[in-house]
Amino acid sequence: LNFLIAHYLAQGPLREAARPLQQALENNAASLFPQRVDWQGRRHPRTYSQLVQEHPHIANSELLHIMQAIVSRDASALLTAGGTILGRPTRAAAAADKASACASMVKKNRGRSRYPAQQVLSSSSRMPLSVVASFRRLVRCHGHKYPTYCVLFDRTGRRMITGSDDFLIKIWCTRTGYLIKTFKGHQGMVSDIALNVENTLLASASTDGSVRIWNLKTGEPRAVLVANPQGRAKSITGVRFSPSPVPQIRFLAATCETGLCRLYRWHRDTLTFDTEPIVIDARSEPRDNISSFAFNHTGSRLAIATVKGYVSIYSTIADAVNCPAGASGWGEPRLISRIAAHEESITTLVFSSDGEMFLTGSVDGTVKVWRCSSPDLKWSSVTIDVKEPIPSPADAPEIIADSQDDFVRPTAPIAAAAVAADNAVTATMLAAAAQSAAAVASQSATLATEALAELGSLVDSIGSFASELREMQASRPADSATIANNAASTVMTATPLAADQQSAPEPRMLAAVPVVTAPNQPSTDALAAAVSGAAAYNRADVSVELVSDNTRVIGNAGSVPQVAATAQQDEAAAAPSNAATGAPPAAGTARVETNQVAWLCDNTRIIASNNVGSVLVIDTLSGRVLWKKRAHSIAEVYVLIPHPTDPRIAISGGYDGRAIMWNTENGDILHEYKVGEMLFDGSFSEDGLKFALTSDTGAAMLFGLGPSWAYDDANRMHEQMFANDYTATIMDENHFVADQQSQIPSYLVPHSPLMDFDGRIYRRQRGTRFGLDIGMGVDEPMFSREDAGRMAALMIELDHAYLDNRAAQAPIAEVQPPRGRRRRGRAPARAATVEEIPEAELPIILPIDDDSDDE
C-alpha cells in the first residue's frame, strides 16, 4: 500500500508532495516494504526505486484502478495470480525487457514459476549447478499411516499431492509444509493419481475398482467411474488425462488388472464425464495384462505396453477423415500397430516431449527407443543392453539404516574371538532358560520330572558349547593367550540402537550386561574366555561396511567370505555351459532388470536404472552408454525423475534409503541425500525449484531452496492429520461417500485443528481454512500459448490422418517373436509319449436323504 500510494503521487498533480513521502519510505524501507529473500533464506530490504525497477508492469494509476474496482464491485479486476499486486504476472511478461540480465536470481525464478517453460531453458537461463546442489530437505510431511506410492505437484507449484495405501489423498502446502485438505472416498489402496493440463481436476485410481475425479481446490467429487458396476471390482492400475486441445479426443484413460483400458470422454467447460466408456482390449494373448501406457503430447496416439512384452499403438484421429466438420467425436481409437518389443514384461513406456519417439524398458535388461518415420507406420528401434555382472556385496555402498532395530553382526573372516562372542551369547540364553526350568520345577511338584529333563538337555547343550570353545582355544593359541589375559565376568549381548543413531552405525555395537548364573551351569572359564575375546575384537580397529540383500557385514572390503567368492567363481564357470545348452539359470541366481527409464527434457539422452543400484545415461540416436555408475546399494531404484527444464539434472532414489542428485553430463554426484527410508516415488515441481520423495513410512519429503524458518512449525509436527481423516463413511448408489456420523458429504465436513496420529492437537495452528484460497488452474495467457502449440501440432497430424486410417483398415500382422527367443531360459519340453493311466470304475455314493434340521 505504501508503494502504491507513493507510485500514484509520483506521476500526478501532487508530484511535489510525493518526494518527501518517497524519502521517508527510503529511510524506513526495511519496515515499510516487503523484503527480498535470497536462495539461502536471508532477508534483504528493498527500496522504493528497486521496487519500481522490479515491477515495471505496475502503472502509476494502479491504486486508482483498484479503488474503482472496489466501488463498482468488479471482483474479476481484483483477481491476481500471486495473491498480491506485486506478484501479478499478467502484464509482466509483455513489459519485461530482455536486456535486464542483471535481475536477481529470485526474480528470475519467480518469473519461471509463473510461466513454466515448455522447452529446454537456454544455458544463460539455467541456474548454476552449485545452486542446484544446495537443494536441501525443507520439511518432512507425514500424514499417512501406510506406505505412500504416489506424489505429484500441481502446475502452480503451491500444492503437493500424495496418495497412500490408507485409502486417502492429501494436499500439502509447499510453502509451509502444512496439511491443507484430505480427499476421502476410496475403499481400497490408491494406486495412481493424475492431473489434467488445465490444473483443475485430480483423478485417482484405486484397487477398489473405481476412478474418482476431484475438484482440485475444494475437494468436491466431480465423478466416480466404476470399471465393473455389476460384477466383482477389478483393481485400477493406472490413470492418465489426454492433453488433447480439441474436445473430440479429450479422454481420461484408466487401465485395470484384467488387461482392459477404458476411455472416458470429458468436457473442459462443464467438468463433466461420460459414464459409458470406450473399452480397449490391449491383450495380445491369453493371461496378458497392461503394465504401462501413455498419450503423446497432442493426445492423437495412445501406446499400451503389456507384461508379455508387446506394445499396441492406437490412433484417436484415424476416423477423423470420415467425420464431418464440427462432429462431437471422431469415433473410437483404432489399432494401427502392434510391436513385439521385448521378450519379457515391459516396466515403463514414455513418449518424448515432441511425440516423435517413445521409450520402453523391460525386465529382460534392455531399453529400446522407437521411431516411426515411414508412411506405412513401420517402427524401428535402437536397443540398449543395461545388463551387467552381479556386483559383489563388498563393492556396494552401504544401506542407510532405517527405523528398524538392528545391529551389526561379525562374519567369518574375523578372528575366532568374534565367533566366541556369538557362542557366549547363545550359552547365556541357554543358561537363562535352564534357570527358568529350575524355577518351574521348584514351584510345581507335578511338573518336576519334565522340568528336570529339560534342564538336563539344556545342560548338555551348554556343555557342548563349552567343549567347542575349548577346542577353538586349543586350535588358535594366540587368541587363547589374549583371551586368558582378558578374562571378564560379563557377556556381550546385542542391544538395539536409538533411532537417531541408526543412520551412522558404529563398529562397537555390543553392550555389556552381567551374567546370570544358573544352577548346574558349566564352568565359567569358557564363557569368560569368550567374553574377553569379544572385548578384544570390540577394541580392534575394524571398519564397518553395510551391504545389500538385507545382510550386515563387518570387515574391510577385502575380507569377503570365501564362500561367496567360491559361489561367484562357480557361477562364472557354469555360465558358458548354461548359455551353450540353453538350460535355465541356476536357482537363486539373481539377474539384472530394468527398473525405470525416462527422457531428459531435451530428448537427446535417456536416463535408466536397474535393480542392482546402477544409473546410466544413454545417447538417443546411437544408443551408446555415455556413463554408468553405481551409487546405490544392490537394490531396486524405482525413483528416477529428470529435471523438467534443465537436462543436466536428474534425481534417483532406491530401496537403500538414498537419493542422488546427478549431473547427467558427466555422471558426477551433485548431492547425496540420506533419507533412511525406502523410496517409492518422486516428482519435480513444474518450475524445477522443488522435488518430493515418498517412502514406505507414509511420509513425503520436500526438497528445494528457500527460507528454513517458513517450515519451522511443520517440522515440529512429526505427524499431521485431521480428526475425521479415518472416520467411517457411507456410500450411496452413485458411489459418492458421506461422513457416517454427520451424514454430510466428506468434502463439506469442517476441518478440525491439526493433530498427530494419537489425537493430540498441536499448539500452533494456521486456521481451519488455511490453504483453501490457493487458486487452481494456470495463467490464462500461458495456457493459451500452450494450447495453441498443441493445436498446431495436431493440425499437422490431421493432415496425415489418412495414413492412420489406412493402417487401421489393414490387418495387423502377428509379430510373435521366434519361439526359441520367447522360451529362452525355460526347461526343455517333455517327450510326447506319455504313459496312459487306465481308467478305474469308482462306486457312486449317494448322500443320505435327511429331512431333519440338524447341521
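Start with D787, which sits in helix α15, spanning residues 780-799. The model here is a predicted one, so keep in mind that every value below is computed from it. D787 has a relative accessible area of 15%, and since the cut-off for buried is under 20%, D787 counts as buried. What does D787 touch, once residues up to four places away in sequence are set aside? The answer is P245 and R268.

Now hop over to another charged residue, R283. You'll find R283 in the loop that links β16 (278-281) with β17 (290-295). Its relative accessibility is 36%, and because buried stops under 20% and exposed begins over 50%, R283 lands in the partly exposed class. Leaving out neighbours within four places in sequence, R283 is in contact with T258, G259, L260, D288 and R338. Two polar links are worth pulling up in your viewer. The R283 side chain reaches the backbone oxygen of T258 at 3.3 Å, and a side-chain to side-chain polar contact of 2.9 Å joins R283 and D281. For a backbone view of this spot, take C261: it is 22 residues from R283 along the chain, and their C-alpha atoms are separated by 9.8 Å.

Next, the sheets. Strands of a sheet pair through backbone hydrogen bonds, in either a parallel or an antiparallel fashion. One open sheet has four strands in the order β8-β9-β10-β11, with antiparallel pairing. Its edges are β8 (190-195) and β11 (221-226), each pairing on one side only. From one strand to the next, the twist averages 15°. Strand β10 (residues 210-215) runs antiparallel to β11, and five bridges join them. If you want one bridge to click on, W214 has P221 in β11 as its partner.

A second open sheet also has four strands, ordered β33-β34-β35-β36 and paired antiparallel. Here the edge strands are β33 and β36 (668-674), which each pair on one side only. Neighbouring strands are turned by 15° against each other on average, direction ignored. Six bridges tie β35 to the antiparallel β36, and M661 has H671 as its bridge partner in β36.

M661 is also a good way into the largest nonpolar core. Which members of this 21-residue core touch the most others? They are F135, M661, Y673, L679, F691, L693 and F703. Two or more residues each come from α8 (129-132), β33 (639-642), β34 (649-653), β35 (658-663), β37 (679-684), β38 (690-695) and β39 (699-704). Of these, β39 gives the largest share, three residues. Beyond its neighbours within four places in sequence, M661 has a list of contacts that includes V132, A133, F135, I649, I651, Y673 and F691. Its bridge partner H671 is also among those contacts.

Finally, how far does the predictor trust all this? The chain averages a pLDDT of 74, with 65% of the residues scoring at least 70. Among the elements, strand β6 (residues 169-173) has the highest mean pLDDT, 96, and strand β28 (residues 552-554) the lowest, 30. The pLDDT is below 50 over residues 476-589, a stretch with 154 contacts in the model beyond near neighbours in sequence. Residues 817-835 stay under 50 too, and for them the model has 15 contacts beyond four places in sequence.

Methods
Residues numbered from 1 in each chain as written. Predicted model: local features only at pLDDT ≥ 70, side-chain atom pairs only at ≥ 80, totals over all residues. Heavy atoms only, no water. Core = buried A, V, L, I, M, F, W, Y, C linked by side-chain atoms within 4.5 Å. Buried < 20%, exposed > 50% of the residue type's maximum accessible area, 1.4 Å probe, protein only. Contact = heavy atoms within 4.5 Å. Pairing = 2+ DSSP bridges. Axes fitted to C-alpha atoms, helices over the stretch in contact; angles between N-to-C directions. Polar contact = N/O pair within 3.5 Å; in protein donor to acceptor, adjacent residues only side chain to side chain. pLDDT = per-residue confidence, 0-100.
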